[in-house]
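Student: I should like a close look at one single part of this structure, a helix, together with the spaces and loops that bear on a reading of the model. Please treat it in one connected account.

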Amino acid sequence: MLPIKVLIVEDSIVFRELLVQNLSRDPAIKVVGTAKDPFEARDAILALKPDVMTLDVELPRMNGIEFLRKLIPQYPLPVVVISSLSDKVFDAMNAGAVDFVAKPAVSSRKQLEDFIKNELLVKIKIASSARIGNVKKTVMMNQVQHRLESQGNLIVAIGASTGGTEATSAVVRQFGADIPGIVCVQHMPPGFTQMYAKRLNDESKLCVKEAETGDRVLPGHMLIAPGGDRHMQLVKVGNNYQVEVKPGPRVNGHCPSVDVLFDSVARTAGADAVGIILTGMGGDGAKGLLAMRRAGARTIGQDESTCVVYGMPKVAYELGAVQYQEKLSDIAGRTYALLNKM
């Protein structure tokens, strides 16, 4: 198998060289070039034809987001953004990046090596298999009006990974304030989930926040599991649904894990839930979605044609966890249809 050809776009010469040295140690990676700004990057892309590009957001002469908006329509290249803790990263995802990593505050060589081995390399390898044409599909859907006719103590649970920030946003923007309470795990670095929740809160009709233990799951509200080292689970206190956010080991390589959330929804809500699994690499959430279906919940998986990475929904579908496989644009409508039969 040929190594993945990587172009590094980074204005800091020190960080750029550290990336080159450490990425080059992996036999599956071949760093074919570097660039310090988008103009050098454009020339390098045409000359070197990389498989994946890493991109800093803050660059001289043109910022990374503007560069992405010009690049992706003409040259659909998988891009992994390396960003400091800023909501600009979501503008980069909206512009067509596949995924992002949090730029480390490098205080030791080991810290940098861990960042590259456990985060950046993983993201690059996933990005190399991403469907770039599907990134923009997630944000180019017509708004469809849906209405909830069913009444009851219902729950919607969503799980997503690579490509999921835009996919989840696309679904949630079609929900009205009448939607039952939503609990969501979106694989994301610590710190970014709070900014993502604020962004969804501003963009949608829902009240969206990063979850804390004791938060009630209310109609028209959405709770997003915080990134880091804690899992989110659904619990019932009296007649009310709440969440618990507690530290725990990684499950399927992730914390928070979609499986942990979905398993808790299966136990707690049973047939009063709809589970949705969206784009992402690996199989996190597939077994949990199956547990939900076996408990009587209705389940939806994003179809291959609209996924950035058809991994999690594929595994769930092959396990028999997915009742309805839908294009991204049809998931909100299917959700309402199922809720109205409950």
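Tutor: Buried here means under 20% relative accessible area, exposed means over 50%, and partly exposed lies in between. The model is a predicted one, and the part chosen is helix H5 (109-127).

By that definition, Leu 112, Phe 115, Ile 116, Leu 120, Leu 121, Lys 123, Ile 124, Ile 126 and Ala 127 of H5 are buried. The partners against which the buried residues of H5 pack are helix H1 (13-23) and the strands E1 (4-9), E2 (29-35), E3 (52-56), E4 (79-83) and E5.

Ile 116, one of the buried residues, is also where H5 bends, by about 35°. As to length, H5 has 19 residues, which at 1.5 Å a residue should span 27 Å; the end C-alpha atoms are 25 Å apart, in agreement with that expectation.

H5 also takes part in the largest pocket, which holds about 600 Å³ of space. Of the 23 residues in the lining, Glu 119, Lys 123, Arg 250, Gly 253 and His 254 are the closest to the centre of this pocket. Strand E5 (99-102) and H5 are the elements that give two or more residues to the lining, and H5 gives the most, with 6 residues. By class, the lining of the largest pocket comprises 10 nonpolar, 8 polar and 5 charged residues.

E5, a packing partner of H5, supplies at least two residues of another lining, that of the largest cavity, as does helix H7 (164-172). The structure has 2 cavities of 30 Å³ or more, and the largest cavity contains about 70 Å³ of space. Its lining has 13 residues, with Asp 99, Phe 100, Ser 161, Gln 186 and His 187 nearest the centre; the lining divides into 4 nonpolar, 7 polar and 2 charged residues.

Backbone geometry in the loops completes the account. Most residues other than glycine have a negative phi, and most peptide bonds are trans. In the loop between strand E11 (240-247) and helix H9 (258-268) lies Pro 256, joined to Cys 255 by a cis peptide bond with omega of about 5°. The loop between E11 and H9 also holds Asn 252, a residue with a positive phi of about 60°; at 45% relative accessibility, Asn 252 is partly exposed. Lys 49, in the loop between helix H2 (38-48) and E3, has a positive phi near 50° and is partly exposed, with a relative accessible area of 49%.

Notes
Residues numbered from 1 in each chain as written. Predicted model: local features only at pLDDT ≥ 70, side-chain atom pairs only at ≥ 80, totals over all residues. Heavy atoms only, no water. 1 Å grid on protein atoms, 1.4 Å probe; cavity = no way out; pocket = protein on both sides within 12 Å on 5 of 7 lines; lining within 4 Å. Points joined across faces, edges and corners; volume = space filled by probe spheres on them. Helix = DSSP H or I, 4+ residues; strand = E, 2+ residues; numbered from the N terminus. Nonpolar A, V, L, I, M, F, W, Y, C, P; charged D, E, K, R; others polar. Expected span 1.5 Å × (residues − 1). Bend = angle between axes of the 7 residues up to and from the residue. Buried < 20%, exposed > 50% of the residue type's maximum accessible area, 1.4 Å probe, protein only. Contact = heavy atoms within 4.5 Å.
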